[in-house]
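Here are my notes on the model you sent, set out as numbered points. I have kept to the strand pairing, the burial and the ring contacts.

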Amino acid sequence: MALAGGLAPRGRAGAQAPEELKLEQIKSDLYMLTGSGGNMAVLTTDEGVILVDDKFDRNVTEILAKVRTLTDKPVRYVLTTHHHGDHTGGNPRLLGSVEIIAHENARANMVKGSQPGLPRVAFSDGAAVYLGGKEVRTRYYGRGHTNGDVAVYYPAHRLVHLGDLLVEGTPFIDYANGGSGVAWTATLEQTLPLDFDTVIPGHGPVMKRQDLVNWIASFKTVRERIARMLREKRPKAEILTALKVDDLAGWKPNQFWTKSSLPGLIDELSR
Ligand SMILES: [Zn+2]
């Protein structure tokens with residue numbers, strides 16, 4: 001999600017309340033860390049730990065404590081899914097001892113937004129981290145949630161972490177940071193040739209490959225319905241209320257969808 005004007009992202013509403021993070025074992029050495037901000041992944045190896053994302057600044061102490069329940073090895077890398085503050089907020093406190101790796105557009109969005117904790121390593125197409133005999137790949141497939149989202153792939157685990165390119169409910173299209181509801185599905189479809197059965201979304205519970213396939217199909221159906229109404233010259237205000245989404249798999253509208261993403265998607269499809 002994102003810190004969009006006037007819209008409180010999930011997990012931010014109770015900012016003052018302590019948030020208990022939860023470790024969920026997904027594979028023998030691979031865990032999901034939930035409870036605040038974006039879903040993190042934690043991979044343990046004999047040479048150290050590879051994280052995906054690092055939630056908010058206020059979560060760092062508990063993140064490291066949770067990692068310590070799994071291994072006495074240090075965190076060595078953070079692979080960033082995208083620039084939003086609920087996925088990169090821990091960067092400033094981790095950068096002293098951890099290499100943080102992001103897509104160049106995600107880093108540029110952090111610069112633009114004056115976010116602290118800029119990654120020292122950025123890439124254009126993809127990168128791989130090899131640690132303790134294990135391999136994690138991060139790859140850019142195109143625009144979607146923003147213009148700097150990646151898929152993080154664990155080939156031996158047959159698992160992919162998609163950040164906010166896949167969330168429980170409806171997509172948040174961050175148009176201010178290069179997001180696109182038109183490009184989004186093609187971006188996701190490029191991950192399907194990868195061999196995986198398990199998906200960690202940016203927010204929400206662990207999913208299966210079929211959940212991703214269904215979500216892509218729902219997204220396409222939404223676009224087709226909007227495009228049809230635009231061809232019928234129906235005004236935007238009417239489309240906003242007339243669009244039917246309650247029959248779509250995995251599609252549960254939230255405030256991001258109704259107040260921001262849907263109006264933006266109608267505009268994008270009108271161009
Ligand atoms: Zn996000």
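1. How many bridges join strand 2 to strand 3, and do these strands run parallel or antiparallel? In this predicted model, four bridges join strand 2 (residues 30-34) to strand 3, and the two strands run antiparallel. One position that fixes the register is Met-32, whose bridge partner in strand 3 is Ala-41. The two strands form a hairpin with five residues between them, in which Gly-35 takes a positive phi near 120°.

2. Strand 3 (residues 40-45) also pairs with strand 4, again in the antiparallel sense, over five bridges, and the hairpin that joins these two strands passes through two residues. Ala-41, already named as the partner of Met-32, stands opposite Val-52 in strand 4, so that the register on both sides of strand 3 can be read from Ala-41.

3. Is strand 3 mostly covered or mostly open? Six of its six residues are buried, which makes strand 3 mostly covered. In a regular strand the side chains alternate between the two faces of the sheet. For strand 3, Met-40, Val-42 and Thr-44 lie on one side and Ala-41, Leu-43 and Thr-45 on the other, and with all of them buried both faces are covered.

4. Seven strands make up an open sheet in the order 1-2-3-4-5-6-7, with mixed pairing. Strand 1 (22-27) and strand 7 (121-123) stand at its edges, and because each has a single partner strand, one side of each is left without a neighbour in the sheet. From one strand to the next, the twist averages 20°.

5. A parallel pairing in the model is that of strand 4 (residues 48-52) with strand 5 (residues 75-79), which are joined by four bridges. Here Val-49 stands opposite Val-75 in strand 5.

6. A further open sheet has six strands in the order 8-9-10-11-12-13, and its pairing is likewise mixed. Its edge strands are strand 8 and strand 13 (207-208), each of which pairs on one side only. Strand 8 (residues 126-131) runs antiparallel to strand 9 (residues 134-140), to which six bridges join it, and Leu-131 stands opposite Lys-134 in strand 9. Two residues lie between these strands in their hairpin, and Gly-132 in the turn has a positive phi of about 55°.

7. Within the six-strand order, strand 10 (residues 150-154) and strand 11 (residues 159-161) run antiparallel and are joined by three bridges. The bridge partner of Tyr-153 in strand 11 is Val-160.

8. Turning to the rings, a search of the whole structure finds seven aromatic pairs. In one of them, Phe-219 and Trp-251 meet edge-to-face, at 5.5 Å centre to centre and with 65° between the planes. Since Phe-219 lies in helix 6 (residues 209-231) and Trp-251 in the loop between helix 7 (236-242) and helix 8 (255-270), the pair ties together parts that are 32 residues apart in sequence. Phe-219 counts as buried at 0% relative accessibility, and Trp-251 is buried too, with a relative accessible area of 4%. Both rings belong to one aromatic cluster, which is formed by Trp-184, Trp-215, Phe-219, Trp-251 and Trp-257.

9. How do helix 6 and helix 8 cross? Their axes come within 10 Å and cross at roughly 60°, which means that helix 6 is oblique to helix 8. The crossing in which helix 6 passes helix 8 is right-handed.

10. Two arginines are placed over rings and deserve a separate entry. The charged end of Arg-58 sits over the ring of Phe-56, 4.2 Å from its centre, while Arg-209 lies over the face of Phe-196, at 4.5 Å from the ring centre.

11. Gly-96, in the loop between helix 3 (91-94) and strand 6 (99-103), is exposed, with a relative accessible area of 79%, whereas Trp-251 is buried. The C-alpha atoms of Gly-96 and Trp-251 are separated by 40 Å, and the two residues are 155 residues apart along the chain.

Conventions: Residues numbered from 1 in each chain as written. Predicted model: local features only at pLDDT ≥ 70, side-chain atom pairs only at ≥ 80, totals over all residues. Heavy atoms only, no water. Phe/Tyr/Trp six-rings, centres within 6.5 Å; stacked < 30°, edge-to-face > 60°. Buried < 20%, exposed > 50% of the residue type's maximum accessible area, 1.4 Å probe, protein only. Lys NZ or Arg CZ within 6 Å of the ring centre and 35° of its normal. Pairing = 2+ DSSP bridges. Axes fitted to C-alpha atoms, helices over the stretch in contact; angles between N-to-C directions. Parallel < 35°, antiparallel > 145°, perpendicular 65-115°, else oblique. Left-handed = near helix turned anticlockwise from the far one by under 90°.
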